[in-house]
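Subject: Structure handover

Hello,

Here is the structure I said I would pass on. My notes on it follow below the files.

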Amino acid sequence: MLHFDKTPLPFQEEHWEDMRVPEQLPSARFAPMLFLAFALAFLTAWAGGQTASPDDWLVVAPSTADISTERLTQMEQAIKVGEFKAVSSILVARNGKLAYEHYYDTDGIDGLRNTRSATKTITGMLMGAAIDRGLIPGPNAQVLDYLQDKMPLGNPDPRKNKITIEDFLTMSSLLECDDENSFSRGNEERMYLVEDWAKFTFDLPIRGFAGWETKPKDSPYGRSWSYCTAGPTTLGVVLERAVKRPVPDFAREVLFTPLGITTVKWQFQPLGTAMTGGGLELRSRDLLKLAQLYLDRGVWKGHRIISSEWVEISLRPHAHAREDTDYGYLWWLQTYRLRTRLLRSYGMYGTGGNKVLIFPDEALVVVVTTTNYRVQDASALTDKLIVDYILEAAMPANAQ
C-alpha cells in the first residue's frame, strides 16, 4: 500500500553499481559470506513488515498499524476520479511509524510543498525554541520592545505598547486586522503592497467592538479571535532581533537539523526578513515529522528539541476561532466527528485545504497537501477526505 515516486533517486544508480557481482571473486570462500550478508539484510528489512527509510521514518504496512488497506484503496480511487480536486500527497503515521504514503503529482517524495499558512505553526515552534534558550523572556514579552525603530506609529494608542507575543500567537491582538474581512485595514493583501510589514502591523488602528459584537472580556478564554497574517509575520522580525541571526539560520540550528530536515524553501519580506506568516516549503515527510514532534511532546527519536512545557501551552486552547474549533499558539484545535465519536485534533492549516493533523488519542499523524488554492470550501473538502477515508481507515466501525 506504500506508493513511492518511481523516479530514481540520484544515489540509486551508484548504489546498484557498487553491488554488482565482480566477474571474478578473489576466492570461492567468500561466496557463502556474501550470501549470508544479503540474507541478513533481507530478513532485517522484512521482519514485521518494517523497513527503515533514509530520513528516519520506520515504514510499515497499513495493516500492521491497524489501518484498513481496503478503505485507503477506495480513497485513492476517489482522488483519481477528481472527487477531491488537486490533492498532491497524503501521508499517515501511527505510533511513530509511517504506515501510508502516496503522491498524486509528479514531484514525488522529494517535492517541496507550498502549504501556505500551514507553516505559520512553525513560527510558534521557533518562538518556543527561543524562549527555551532564554533569548526571549516568555510569551508575555511586549512586541514593541523589539521594534523601537518603527516609531512613531500611525494611529497612536497606549494599548499598542501592551501587545504581547502571545497576542500574535493566538490571533487575538487588539489591532484591527482580519484576513477574512476584505474591508479590514489589516487584511494581508494590503500588507503585501508596502515595504515594511512590521510597521504596517503596528500602524493599524485599534479594533472597535460594536454593541452586537462580543468583546474580549466576554469571549471564551478572554480573547477575541480574528485571523491576521500580519501578526505572525511581525513575529519573524521580533525573532530575528531576539536571536541576533536570520530566521532561516536559527530554524536550521534548533529545529530542522535536529529533525533531519535538509531541504526547505523560504519566502522573504521586502526588507529581507524571512516570511514567517506562511509560504515556507517543505517535503511532505518533513511536515509529518513536525507533527510527530508535537505528538511526542517535543521529542524526536529520543532527543528533546522543544520543551514539553512549550508544547503543552501551545496546544492549550487560548481563543475560540469558530464552531468546533479553538486556537492555540498558531495551532488549530478542531474537533472531528466520526459517526458517534468526537475526535480532538491539533492542526497546521493552509489555504487550499492543506492540513497537517495530530489525533493524539489515536496516536495518529496525517499530512494532506493540495494545490486547491482557488477551490471554494477547500478546507471542508479536505475534512471530508480525512473523515470519510483516513479516519474511517484508522478507526473502522467494526473495530468499535
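**Backbone notes, then the rest**

D324 counts as partly exposed, because its relative accessibility is 30%. Please keep in mind that this is a predicted model. D324 is placed in the loop between β9 (319-322) and β10 (325-327), and its phi is positive, about 65°, although the residue is not a glycine.

D66 also has a positive phi without being a glycine, here about 60°. The loop that holds D66 runs between β2 (58-60) and α3. With a relative accessibility of 58%, D66 counts as exposed. As background, most residues other than glycine have a negative phi, and most peptide bonds are trans. Against that second point, the peptide bond from M151 to P152 is cis, with omega near -5°. P152 belongs to the loop between α4 (120-132) and α5.

Helix α3 covers residues 69-80 and contains L72. L72 has 1% relative accessibility and so counts as buried. Its C-alpha atom is 9.0 Å from that of P62, with the two residues 10 apart along the chain.

**Pocket**

What is the volume of the largest pocket? It comes to about 1,100 Å³. The lining is made of 40 residues, and those nearest the centre of the pocket are S117, Y227, G350, T351 and G352. By class, the lining divides into 11 nonpolar, 16 polar and 13 charged residues.

Several elements give at least two residues each to this lining: α6 (188-191), β11 (332-338), β13 (346-350), β14 (354-359) and α12 (378-394). The largest share is that of α12, with 4 residues.

**Aromatic rings and charges**

The count of aromatic pairs is 14. One of the pairs is Y227 with W332: the ring centres are 5.9 Å apart and the planes are at 25°, which is under the 30 degrees needed, so the pair is stacked. Y227 lies in the loop between α7 (197-203) and α8 (230-243), while W332 is in strand β11, so this pair ties together parts of the chain that are 105 residues apart in sequence. Both rings belong to buried residues: Y227 counts as buried because its relative accessibility is 10%, and W332 because its value is 6%. Y227 is also among the residues nearest the centre of the largest pocket.

Ring pairs join Y227 and W332 into a cluster with W225, Y327 and Y349.

There are also charges placed over rings. R116 has its charged end over the ring of Y373, at 3.6 Å from the ring centre. K301 lies over the face of W300, and there the distance to the ring centre is 5.1 Å.

**Disulfide**

How many disulfides does the count come to? The count is 1. C177 and C228 are the residues joined, with an S to S distance of 2.1 Å. The torsion about the S-S bond is about 85°, so the disulfide is right-handed. C177 sits in the loop between α5 (165-169) and α6, and C228 in the loop between α7 and α8, so the bond ties together parts that are 51 residues apart in sequence. Are these two cysteines buried or exposed? Both C177 and C228 are buried.

**Cavities**

The structure has 2 cavities of 30 Å³ or more. The volume of the largest cavity is about 60 Å³. Both cysteines of the disulfide, C177 and C228, are in its lining, together with D167, F168, M171, S172, S173, L175, S226, G231 and P232. Two or more residues of this lining come from each of α5 and α8. By class, the lining has 6 nonpolar, 4 polar and 1 charged residues.

The second largest cavity has about 30 Å³. Its lining consists of T119, I122, T123, L126, W266, M275, T276 and L280. In this lining there are 5 nonpolar and 3 polar residues, and no charged ones.

Regards

Note on methods
Residues are numbered from 1 along each chain as its sequence is written. This is a predicted model: local features need pLDDT of at least 70, side-chain atom pairs count only at pLDDT 80 or more; totals for chains, interfaces and linings use all residues. Side-chain values use heavy atoms; hydrogens and water are left out. On a 1 Å grid over the protein atoms alone, a cavity is a set of points where a 1.4 Å probe fits but cannot get out, and a pocket is an open set with protein on both sides within 12 Å along at least five of seven lines; lining residues have an atom within 4 Å of a point. Grid points are joined across faces, edges and corners, and a volume is the space filled by probe spheres set on the points. Ala, Val, Leu, Ile, Met, Phe, Trp, Tyr, Cys and Pro count as nonpolar, Asp, Glu, Lys and Arg as charged, and the others, Gly among them, as polar. Rings of Phe, Tyr and Trp (its six-membered ring) pair if their centres lie within 6.5 Å; planes under 30 degrees apart count as stacked, over 60 as edge-to-face and the rest as tilted. Buried means under 20% relative accessible area, exposed over 50%, partly exposed in between (1.4 Å probe, protein chains only). A charge sits over a ring if NZ of Lys or CZ of Arg is within 6 Å of the ring centre and within 35 degrees of the ring normal. A disulfide is a pair of cysteine sulfur atoms within 2.5 Å.
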